[in-house]
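Please open the model in your viewer and keep a selection tool at hand, since this tour moves from one selection to the next and says what is to be found at each stop.

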Amino acid sequence: MKKLVVLTGAGISAESGINTFRDADGLWEGHDIMEVASPQGFRNNPELVLDFYNQRRRQLFDVSPNEAHYNLKKLEDKFEVHIITQNVDDLHERAKSSHIIHLHGELLKAKSSLTDNFICEWVKDINIGDKAKDGSQLRPYIVWFGEDVPMIPKAVEIVEQADVLVIIGTSMQVYPAASLINFIKESTPIYFIDPKPMVNKNAFNNLTIIKDVASLGTKKLLELLNVSNH
């Protein structure tokens, strides 16, 4: 089977009711990004940061995968599909996709605030006083600004092997995730699905832009790739 690699961002989860990462004014849910998505922010005000992610985690139980998530699962009828997502929700998992890499962490996990060696499943609120096995305060398993992105080498390896690349709902502005497109083979066809595509069509040899929201765009993708939309 040919290997089809999908890069997904906030736009694929937006139709499920999950807000996109940041608004035009640089705020995330009314907070300065660095207050809630940086190690310094956590050191300065751990209660604020824990509460922020506790709200995001609770929201997951009120939303469901949308048609776009299920359409990516349908691609597995014809391709070996690997999803590399910048999203921290579990909607790809709930849609039963087989191979998923989370670049920026997962809301339903927690980690030690001292080391990357202790990570555990976590579905409830994280509170001050909840400790990891090493005795440190638990924190969300989220890659914050200024932190390494541990899954990037694995993602690069997968993108290098792609026979088809699909990009959905990401502006490809956040690094290092945005650099992944540079690792595809020159001949690899790229499908870019976004209602407001900010991409230079001339920058790539084999680019198809599908100017639509994720659910409708992935439906068109199934047709273009001759995959049954059963």
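A residue is called buried when its relative accessible area is under 20%, exposed when that area is over 50%, and partly exposed in between. The model on screen is a predicted one, and the stops below should be read with that in mind.

Begin by selecting Lys-154, which has a relative accessible area of 41% and is therefore partly exposed. Add Glu-157 to the selection: at 40% relative accessibility, this residue is likewise counted as partly exposed. The two form a salt bridge, in which the closest N and O atoms are 3.8 Å apart. If you now display helix α7, residues 152–160, you will see that Lys-154 and Glu-157 are three residues apart within this helix, so that about one helical turn separates them.

How many salt bridges does the count come to? The count comes to nine, and two others deserve a stop. Select Asp-90 together with Arg-94, whose side chains meet in a salt bridge with an N to O distance of 3.1 Å. Asp-90 is buried, its relative accessible area being 17%, whereas Arg-94, with a value of 30%, is partly exposed. Then move to Glu-106 and Lys-109, whose side chains also meet in a salt bridge, again with 3.1 Å from N to O; here Glu-106 is buried, with a relative accessible area of 17%.

From there, widen the selection to strand β6, residues 105–112, and show strand β8 beside it, because the next stop concerns their pairing. The two strands pair in the antiparallel sense, over five bridges, and one position to pick out is Lys-111, whose bridge partner in β8 is Arg-139. Is strand β8, residues 138–142, enclosed or open to the outside? Five of its five residues are buried, so β8 is largely enclosed by the rest of the structure.

For the last stop, select Ser-38, which is found in the loop between α2 (33–36) and α3 (39–44). With a relative accessible area of 1%, Ser-38 is buried. Show the backbone of Gly-41 as well, and you will find its nitrogen 2.9 Å from a polar atom of the Ser-38 side chain. Which residues is Ser-38 in contact with, once its neighbours within four places in sequence are left aside? They are Trp-144 and Phe-145, and adding both to the selection completes the view around Ser-38 for this tour.

Key
Residues are numbered from 1 along each chain as its sequence is written. This is a predicted model: local features need pLDDT of at least 70, side-chain atom pairs count only at pLDDT 80 or more; totals for chains, interfaces and linings use all residues. Side-chain values use heavy atoms; hydrogens and water are left out. A salt bridge is a side-chain nitrogen of Lys or Arg within 4 Å of a carboxyl oxygen of Asp or Glu. Buried means under 20% relative accessible area, exposed over 50%, partly exposed in between (1.4 Å probe, protein chains only). Helices (H or I, at least four residues) and strands (E, at least two) are DSSP runs, numbered from the N terminus. Two strands pair if DSSP finds at least two bridges between them. A polar contact is a pair of N or O atoms within 3.5 Å; within protein, one must be able to donate a hydrogen and the other to accept it, and residues adjacent in sequence count only if both atoms are side-chain atoms. Contact means heavy atoms within 4.5 Å.
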